[in-house]
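Work through the exercises below with the coordinates open, and try each task before reading its solution.

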Amino acid sequence: QVQLVESGGGLVQAGGSLRLSCAGSGRIFSINDMGWYRQAPGKQRELVAGLTSGGAPNYADSVKGRFTISTDNAKNTVYLQMNSLKPEDTAVYYCAVDLSVVPGRPLKAWGQGALVTVSS
């Protein structure tokens, strides 16, 4: 069974920084894309940062230049460094990984969510 466990959320003032971590465990055959999503109250979940299997990052326009996605393969962990945070970044953040536990059966694993609150 694959598990993604998130940490690092919290309350921060506008202009501050936070780093989210997402540690994976379990038996995994292959990993493809991974990403960080967020969902603010009353809004749909949106992709804010993604990383392809080839290592190419992509970001939502709203976070470009402020957020950075990275991985530590030795620790099976993906990070989201968030700088210059704004009140509109307040949301529950979820990590997600496209992977296969058995060949030919892709699935998307989700973290449990981490609340980020940015005060003005």
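**Exercise 1: overall fold**

Begin with the contacts of the chain between residues at least 6 apart in sequence, contact meaning heavy atoms within 4.5 Å: 54% of them join residues at least 24 apart. The model is predicted, so that local features need pLDDT of at least 70 and side-chain atom pairs pLDDT 80 or more, whereas totals for chains, interfaces and linings use all residues. Residues are numbered from 1 along each chain as its sequence is written, and side-chain values use heavy atoms, without hydrogens and water.

Task: state how many helices and strands the chain has, and what its radius of gyration is compared with.

Solution: take the DSSP runs, helices being H or I of at least four residues and strands E of at least two, numbered from the N terminus; the chain then has zero helices and eleven strands. Next, take the radius of gyration over C-alpha atoms and set it against the globule rule, 2.2 Å times the number of residues to the power 0.38; the chain has 14 Å, which agrees with the value near 14 Å for a compact globule of 120 residues.

**Exercise 2: two hairpins**

Task: trace how β5 pairs with β4 and with β6, where pairing requires at least two DSSP bridges.

Solution: start with β4 (residues 30-39), which runs antiparallel to β5 (residues 46-51) and is joined to it by five bridges, with Leu47 in β5 as the bridge partner of Tyr37. Six residues lie between these strands, and in this hairpin Gly42 takes a positive phi near 75 degrees. Continue to β6 (residues 57-59), also antiparallel to β5 and joined to it by three bridges, where Tyr59 is the bridge partner of Ala49. In this second hairpin, with five residues between the strands, Gly55 has a positive phi near 95 degrees.
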